[in-house]
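Student: Please take one element of this model and go through it closely, with its surroundings. Give the cut-offs as you use them.

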Amino acid sequence: QQHNSAVNYYPFPKVKPNKKPSEKDFSRQTRSISEENYRNYNEVDHSRGRSKSLNQHNRRSKNTSKKLWGINDVKGKVLEMSCDQNGCRLLQQVLSDGGIAAAQFFFNEVRNDLCKLLIDPFGNYLFQMILSKVKRRDQKEIVHIVGPNMYQASISLFGTRSIQKIIEISIDSKERSVIKSALKGSILNLSTNANGNHVVQRILQCFGSN
């Protein structure tokens, strides 16, 4: 939609002749103008660069704050919504309310995009939440899926958080073996990297002398 570039000049508050406008009159008029401008602004789509479905979700979320969202409402949209700040928050709420069934649903939705999700500025929070709520067999599968990309994720500003979470839940020898193989020969580089050094510290904390 196109905006009118002309400057809008608003009239002063209407008052009786020879009467100076009071602060109360002026504040009332100003508040009315501000509310009108805000309504007009919200009628315009300012979220350029986002897909139509995500824009629709954001518009709906403003007017349905009391609605209880479920997995059926986000089916097929999880990856897209997880990369948006408001969308990711809503997904975390759905996951929190849905329990194990929701965790399994979310895992199936993003199974093929886990490596993209774990390094996203917003998606990494959903990744960590999924990882902490799915069953143990799914946690093991996630470790194996992420394994080949573990080093690159470790030196990522947002990926390092996800990798540290993976290290925390890796309690058996097979999972730890995947992590060791993925990071073998890279410990020195990780130790001197601003993000990677946190991964090394978490390994020492969780794996100990092993």
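Tutor: The answer starts with the whole chain, turns to one helix, and then follows the contacts outward.

This is a predicted model, in which local features need pLDDT of at least 70 and side-chain atom pairs count only at pLDDT 80 or more, while totals for chains, interfaces and linings use all residues. Residues are numbered from 1 along each chain as its sequence is written, and side-chain values use heavy atoms, with hydrogens and water left out.

The protein chain has 13 helices and zero strands; these are DSSP runs numbered from the N terminus (helices are H or I, at least four residues; strands are E, at least two). Of its 210 residues, 34% are buried, where buried means under 20% relative accessible area, exposed over 50%, and partly exposed in between (1.4 Å probe, protein chains only). The accessible surface of the chain comes to about 13,700 Å², and carbon and sulfur atoms hold 50% of it; accessible areas come from the Shrake-Rupley method with a 1.4 Å probe, and for residues only the protein chains shown count as cover. Among contacts between residues at least 6 apart in sequence, 67% join residues at least 24 apart, a contact being heavy atoms within 4.5 Å.

The part to look at is H10, residues 159-169. H10 is mostly covered, with eight of its eleven residues buried. Those buried residues are Gly159, Thr160, Ser162, Ile163, Gln164, Ile166, Ile167 and Ile169. Their cover includes helix H7 (123-133), H8, helix H9 (150-154), helix H11 (173-183) and H13.

Thr160 is one of the covered positions in H10, with a relative accessible area of 4%. Leaving aside residues up to four places away in sequence, Thr160 touches Ala153, Ser154, Asn195, His198 and Val199.

H10 also carries charged side chains. Lys165 is partly exposed at 22% relative accessible area, and Glu168 is partly exposed at 35%. The two side chains meet in a salt bridge, N to O at 3.8 Å; the term covers a side-chain nitrogen of Lys or Arg within 4 Å of a carboxyl oxygen of Asp or Glu. Lys165 and Glu168 stand three residues apart in H10, so about one helical turn separates them. Glu168 forms a salt bridge with Arg202 too, at 2.3 Å from N to O. Arg202 belongs to helix H13 (residues 196-207), so this pair ties H10 to a part 34 residues away in sequence. Elsewhere, salt bridges with shared partners join Arg136, Lys140, Asp172 and Glu175 into one network.

The structure holds six salt bridges. Another of them pairs Glu141 with Arg111, the closest N and O atoms being 2.5 Å apart. Glu141 sits in helix H8 (residues 136-146) and Arg111 in the loop between helix H5 (85-110) and helix H6 (114-117), so parts 30 residues apart in sequence are tied together. Both ends are partly exposed, Glu141 at 30% relative accessibility and Arg111 at 26%.

H10 also reaches the nonpolar interior. Ile166 is among the residues that touch the most other members of the largest nonpolar core, together with Val74, Phe106, Phe127 and Ile130; this core has 41 residues. Such a core is a set of buried Ala, Val, Leu, Ile, Met, Phe, Trp, Tyr and Cys residues joined through side-chain atoms within 4.5 Å. H5 gives the most to this core, eleven residues. Not counting residues up to four places away in sequence, Phe106 touches Ile71, Val74, Val78, Leu91, Val94, Leu95, Leu126 and Ile130.

Cysteines are the last item. A disulfide is taken as a pair of cysteine sulfur atoms within 2.5 Å, and the count by that rule is zero. For Cys83, the nearest cysteine sulfur is that of Cys88, 8.2 Å away, and Cys83 is in no disulfide. Cys88 is likewise in no disulfide. Cys83 is partly exposed at 29% relative accessibility, whereas Cys88 is buried at 2%.
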